[in-house]
There are 2 protein chains.
Amino acid sequence: MGEKNDCLKLENQMCFPLYAAAREVVKLYRPHLDKLNLTYTQYIAMMVLWERGQCSVKELGEKLCLDSGTLTPVVKSLEQKGFVRRFRSSEDERILLVELTDSGRSLSDSARDIPERVGACLNLTPEEGAVLHGLLYKILGR
Amino acid sequence: MGEKNDCLKLENQMCFPLYAAAREVVKLYRPHLDKLNLTYTQYIAMMVLWERGQCSVKELGEKLCLDSGTLTPVVKSLEQKGFVRRFRSSEDERILLVELTDSGRSLSDSARDIPERVGACLNLTPEEGAVLHGLLYKILGR
DNA sequence: CTTAATTTAATTGTGTTCAATTTAATTATA
DNA sequence: TATAATTAAATTGAACACAATTAAATTAAG
């Protein structure tokens, strides 16, 4: 039979379901984020800021596993929308600090119920969710 | 305490580790795929073709959870590289069929060891891999 | 102190990803 | 049969994602 190529079948790979499921879950967020005038990437950047209030682009990149090529336009767009301020650190002018505005901070009120709403569409039990969460963080080495 | 916002912490979300891990795993493929002159998206399209030999853009999209906006340039690029031929079905001119060339078919020889090499970098036991695989397919509803 | 190395963002170019629209072909309906 | 509805790809425009390069600021080394 052709089982010499079974290793190349889509359903036997890890990459395919991982990548497809990730895009699927991001799509579940979209209608909720539209109401906040945020894209998904802007949303996860805001989550870091809701937790910290302020951080540098470098720290944002470390938290989100994204580089400045991605983050520079994301942060500029958040500034355009009035959710953050951008300014250079006075101690080290290389560092760009990103800080929540009042508008950006209060946006978390409208975001608070999104994870639960999305989670309910996921068809995973809480136990399955916890297992998946753990395995993903193991892949991320965190 | 601030636990009213715990639900908005990055590490308590499903979306973040899922999306980040997916990109991380795609990055693991890149050096191997560079040798085949394939991007990741081109690679998963080729996997469908290695299995079927020929299929329509629509079928490719259903298998990969991608639409024609993504696949049209991917398939054109594969044609440029000489790995596939594109032609309209004679029975239904709406349908674009994509077919492996000899060059595209023989590329699978060089691809066969990639999944194992990438898997070895993943730091998951076979059991963990199987569990993850099952949970991801559950999210995908397949 | 001066030069070299490093660090931080920004920029550039390629390749997705997706929503929305368009075009052409086919099928269903009046 | 004409017309309407549907289907399959392609196109368009916006937003990532990332490698590679650049520019400016800081730090380290001679």
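**Reading a DNA surface and a helix pair**

Mentor: In this predicted model, 29 residues surround DNA strand C, and the closest are Tyr19(A), Lys58(A), Ser68(A), Thr72(A) and Thr39(B).

Trainee: Which part of DNA strand C comes within 4 Å of the protein?

Mentor: Count the strand's atoms by type. Sugar and phosphate make up 79% of the atoms of DNA strand C that come within 4 Å of the protein.

Trainee: Which atoms lie by a phosphate oxygen of DNA strand C?

Mentor: Separate side chain from backbone. Arg23(A) has a polar side-chain atom 3.1 Å from a phosphate oxygen of DNA strand C, and Lys76(A) has one at 2.9 Å. With Lys58(A) it is a backbone N or O atom, 2.8 Å from a phosphate oxygen.

Trainee: Which elements give two or more residues to this surface?

Mentor: In chain A they are helix H1 (15-36), helix H3 (57-64), helix H4 (68-80) and strand S2 (84-88); in chain B, helix H2 (40-52) and helix H4 (68-80). By residue class, the surface near DNA strand C holds 13 charged, nine polar and seven nonpolar residues.

Trainee: How do the axes of H1(A) and H1(B) cross?

Mentor: Take distance, angle and hand in turn. The two axes come within 9 Å and cross at roughly 145 degrees, and the crossing of H1(A) past H1(B) is left-handed.

Trainee: Which residues make that contact?

Mentor: From H1(A), they include Cys15(A), Leu18(A), Ala22(A) and Tyr29(A); from H1(B), Cys15(B), Leu18(B), Ala22(B) and Tyr29(B) are among them. The contact of H1(A) with H1(B) has 16 nonpolar residues, no polar and no charged ones.

Terms used
Residues are numbered from 1 along each chain as its sequence is written. Chains are lettered from A and ligands numbered from 1 in the order in which they are written. This is a predicted model: local features need pLDDT of at least 70, side-chain atom pairs count only at pLDDT 80 or more; totals for chains, interfaces and linings use all residues. Side-chain values use heavy atoms; hydrogens and water are left out. A residue is near a molecule or strand if one of its heavy atoms lies within 4 Å of it. A polar contact is a pair of N or O atoms within 3.5 Å; within protein, one must be able to donate a hydrogen and the other to accept it, and residues adjacent in sequence count only if both atoms are side-chain atoms. Helices (H or I, at least four residues) and strands (E, at least two) are DSSP runs, numbered from the N terminus. Ala, Val, Leu, Ile, Met, Phe, Trp, Tyr, Cys and Pro count as nonpolar, Asp, Glu, Lys and Arg as charged, and the others, Gly among them, as polar. Axes are lines fitted to C-alpha atoms, for helices over the stretch in contact, and angles run from 0 to 180 degrees between N-to-C directions. A crossing is left-handed if the near helix is turned anticlockwise from the far one by less than a right angle, and right-handed if clockwise. Contact means heavy atoms within 4.5 Å.
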